Amino acid sequence: MSCSFDFKGKTVLITGAERGIGLEIAKGFAKSGANIVIAGIMDEEFPNAEKEITALGAECFCIHTDVADEESVINAVESAWGKFTKIDILVNNAGINKLAPAEEMPLSTWQRIMDVNLTGTFLMCREAGRRMLSAGGGNIVNVASMSGLIVNPLPQTQCAYNSSKAGVIMLTKVLANEWAERGIRVNAIAPGFTETPLTAKRLSVPDDPAVKKWIGGTPMGRVAQPEEMVGLVLYFASDLSTFTTGTCVPVDGGYTVL
Ligand SMILES: NC(=O)c1ccc[n+]([C@@H]2O[C@H](COP(=O)([O-])OP(=O)(O)OC[C@H]3O[C@@H](n4cnc5c(N)ncnc54)[C@H](O)[C@@H]3O)[C@@H](O)[C@H]2O)c1
């Protein structure tokens, strides 16, 4: 067993790693020796992400991928496999959110959030998982959310997001069970409120009532920085966690203990 975050020679496919938490996770793996495949929709962010990752000495391959689209996912996994001849680690990080009171939530909004967050995670797991199984194993880390474990206080009305992330946590358990004896571990992290482009607009509003509640409800009294999500993902993907599968660990400054 290697007791370190040594990913030399490994290929890591990360969805939505053009920016935010995903980019920090990609950089964490790159610093530890892995080569990176970024699968996402923000093509305009690819050059910057590629620059940041290659500056760390890693190879970086970006593929336009809509995780909610089956053909796009099949193409991404095939292209990654074609480029590096394997995928050792899959990180499902792509995610979206849109708030609306439940009684006004348009079906199209609900559906898109489910399609990206839950179905996208499933499709990526299915396609990469099939290849990992035939190659003898692999490792999957899903980026869920503490919103998959708790209900956010009002005025945060996000029934679709929370339901989708709860689904990701259950999918993590189901896949962990199905693939445990065939060499694939599947775990999830549940970030708390994190300063990224997804939350930047809200965080920039002074005295925003939702932000006040997030910070007030967090024992550590602050939001997270994206790099604070990296350690747990690398731990789950490493040989330091060989008996850990099907679990979901919050990284939330203590929010979910209250
Ligand atoms: N920021 C937070 O407070 C927070 C808290 C808990 C969980 N999360 C989760 O962390 C993950 C990353 O979020 P972030 O805050 O870095 O947000 P972000 O908006 O900065 O990044 C999301 C990434 O997902 C990609 N993406 C969106 N739709 C996609 C699609 N259809 N196909 C492929 N890629 C797509 C985007 O291109 C982007 O790179 C998400 O799953 C989010 O739900 C974030």
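Two strands pair if DSSP finds at least two bridges between them. I start with that rule because my opening entry on strands leans on it, and I note that the model I am reading is predicted.

**Entry: strands β6 and β7**

I looked up how strand β6 (residues 184-191) meets β7, and I found four bridges joining the two, which run parallel. One bridge I could follow by name is that of A188, whose partner in β7 is C248. I then went along β7 (residues 248-251) and saw that its side chains alternate, with C248 and P250 pointing to one face and buried, while V249 and V251 point to the other face and are not buried.

**Entry: strands β1 and β2**

Is strand β1 covered on one face or on both? I found both faces covered, since T11, L13 and T15 on one side and V12 and I14 on the other are all buried. Five of the five residues of β1 (residues 11-15) are buried, so I wrote this strand down as largely enclosed by the rest of the structure. β1 pairs with strand β2 (residues 35-40) in the parallel sense, over five bridges, and among the partners I noted that T11 is matched in β2 by N35.

**Entry: the whole protein**

I counted the secondary structure as eight helices and seven strands. The radius of gyration is 17 Å, close to the 18 Å that the globule rule gives for 258 residues, so the protein is as compact as a globular protein of that length. Taken along the principal axes, the C-alpha atoms fill a box of roughly 50 × 40 × 35 Å. Of the 258 residues, 45% count as buried, and among contacts between residues at least 6 apart in sequence, 74% join residues at least 24 apart.

**Entry: the nonpolar core**

In soluble globular proteins, nonpolar side chains tend to be buried together. Here I found that the largest nonpolar core has 69 residues, and that those with the most contacts inside it are I25, A26, I36, I38 and V233. Helix α4 (residues 107-135) gives the most to this core, with eight residues. I followed I38 further and, leaving aside residues up to four places away in sequence, listed its contacts as I14, A17, E18, A26, F46, A49, C60 and C62.

**Entry: around the ligand**

Which of the 28 residues around the ligand come nearest? They are G16, G20, A94, G95 and T196. Helices α1 (20-31) and α6 (197-203) each supply at least two residues of this shell, and by type I sorted the shell residues into 13 nonpolar, 12 polar and three charged.

**Entry: loops and unusual backbone**

Most residues other than glycine have a negative phi, and most peptide bonds are trans. I therefore marked two exceptions to this general pattern. T85 is not a glycine, yet has a positive phi of about 60 degrees, and I placed T85 in the loop between α3 (70-84) and β4 (89-92). Is T85 buried or exposed? T85 is exposed, because 9 other C-beta atoms lie within 10 Å and a residue with 12 or fewer counts as exposed.

The other exception is the cis peptide bond joining L154 and P155, with omega about 15 degrees; P155 sits in the loop between β5 (138-143) and α5 (159-179).

My last look was at E227, in the loop between α7 (209-216) and α8 (230-237). E227 counts as partly exposed, because it has 14 C-beta neighbours inside 10 Å. The C-alpha atoms of E227 and S204, 23 residues apart along the chain, are separated by 19 Å.

Notes:
Residues are numbered from 1 along each chain as its sequence is written. This is a predicted model: local features need pLDDT of at least 70, side-chain atom pairs count only at pLDDT 80 or more; totals for chains, interfaces and linings use all residues. A residue is near a molecule or strand if its C-beta atom, placed from the backbone, lies within 6 Å of it. Ala, Val, Leu, Ile, Met, Phe, Trp, Tyr, Cys and Pro count as nonpolar, Asp, Glu, Lys and Arg as charged, and the others, Gly among them, as polar. A residue is buried if 20 or more other C-beta atoms lie within 10 Å of its own, exposed if 12 or fewer, and partly exposed in between; C-beta atoms are placed from the backbone. A nonpolar core is a set of buried Ala, Val, Leu, Ile, Met, Phe, Trp, Tyr and Cys residues joined through C-beta atoms within 7 Å. Two residues are in contact if their C-beta atoms, placed from the backbone, lie within 7 Å. The radius of gyration is taken over C-alpha atoms; the globule rule is 2.2 Å times the number of residues to the power 0.38.
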